[in-house]
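Hi,

Here is the structure I said I would pass on. Have a look at it first, then read my notes underneath.

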Amino acid sequence: LEATAKACRVQFPGKTAAVLATRGTLAVGLYQDALAAEQVPFLIPGVQDQDALMRVIYDGVKAGAAPDAYRADMTAVMRRLSAQGADYLILGCTELPLAYQALNLSIPAIDPTAELAKAAIRFSGYQVKQ
């Protein structure tokens, strides 16, 4: 969470993130707390979009569905959050980077798992290859 929030601050200074995650993750406020600590502006999807994300995650990616099965849900969520001022996405569930890639989405995004891996590499005293 901290690595993701720091990456947001560095890669998208002054920009607003949209936190995409499961309903439970959003309810607990894990990303919200980390982003607030780094002074990163963010938006949280509303109930309708949280429902759509749960379908993308569980009925789409986890179920092994073809990308077209969840394309409409994912693009609707992105469209609404962009209209509210989101500049980029935080793909806060391990299935969401898979959906993002499968759908070939163009909005910028942060993959928290990749940011955690990069932080581990740096912590070990090595440089991250770009």
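Below is what I found, going from the whole chain down to single residues.

A word on the ground rules: this is a predicted model, so local features need pLDDT of at least 70 and side-chain atom pairs count only at pLDDT 80 or more, while totals for chains, interfaces and linings use all residues. Residues are numbered from 1 along each chain as its sequence is written, and side-chain values use heavy atoms, with hydrogens and water left out.

**The whole protein**

You will find 7 helices and 4 strands. Helices here are DSSP runs of H or I with at least four residues, strands are runs of E with at least two, and both are numbered from the N terminus. Read from that end, the order is α-β-α-α-β-α-α-β-α-β-α.

How does the radius of gyration fit a compact globule of 130 residues? The protein has 14 Å, which agrees with the value near 14 Å for such a globule. (That radius is taken over C-alpha atoms, and the globule rule is 2.2 Å times the number of residues to the power 0.38.) The C-alpha atoms fill a box of roughly 40 × 30 × 25 Å along the principal axes.

Of the 130 residues, 44% count as buried. Buried means under 20% relative accessible area, exposed means over 50%, and partly exposed is in between, with a 1.4 Å probe and protein chains only. About 7100 Å² of the protein is exposed, and carbon and sulfur atoms supply 54% of that. Those areas come from the Shrake-Rupley method with a 1.4 Å probe; for residues, only the protein chains shown count as cover.

Contacts (heavy atoms within 4.5 Å) often link distant parts of the sequence: among those with a separation of 6 or more, 69% are between residues 24 or more positions apart.

On charge, there are 12 positive and 12 negative side chains, and the centres of the two sets lie 5 Å apart. Lys and Arg count as positive and Asp and Glu as negative, leaving out His and the chain ends; each charge is placed at NZ of Lys, CZ of Arg, CG of Asp or CD of Glu.

**The cores**

In soluble globular proteins, nonpolar side chains tend to be buried together. A nonpolar core here is a set of buried Ala, Val, Leu, Ile, Met, Phe, Trp, Tyr and Cys residues joined through side-chain atoms within 4.5 Å. The largest one has 23 residues, and L20, M74, L81, L89 and L96 have the most contacts inside it. At least two residues each come from β1 (17-20), α4, α5 (71-83), β3 (88-91) and α6 (95-103). Which element gives the most to this core? That is α4, with 5 residues.

L96 is a good place to start clicking: leaving out neighbours within four places in sequence, L96 is in contact with L20, A21, L53, V56, I57, M74 and L91. Apart from this core lies another, of 15 residues, including A17, L26, L35 and V40.

**Some buried residues**

T4 sits in helix α1 (residues 2-11) and counts as buried because its relative accessibility is 2%. Beyond four places in sequence, T4 touches Y31, I90, I110, P112 and E115.

One of those partners, Y31, is a buried residue of α3, along with Q32, A34 and L35. The buried residues of α3 pack against α1, β1, α2 (23-28), β2, β3 and α7 (112-123).

Q50 is in helix α4 (residues 47-61). At 13% relative accessibility Q50 is buried too, and its contacts more than four places away in sequence are R23, L26, I44 and P45.

**Around two loops**

E38 and Q39 belong to the loop between α3 (30-37) and β2 (42-43). Are they buried or exposed? E38 is buried, at 19% relative accessibility, whereas Q39 is exposed, at 72%. With neighbours up to four places away set aside, E38 touches A5, K6 and R9. Q39 has a positive phi of about 60° although it is not a glycine.

N104, in the loop between α6 and β4 (109-110), is also a non-glycine with a positive phi, near 55°. N104 is exposed, with a relative accessible area of 68%.

Happy browsing!
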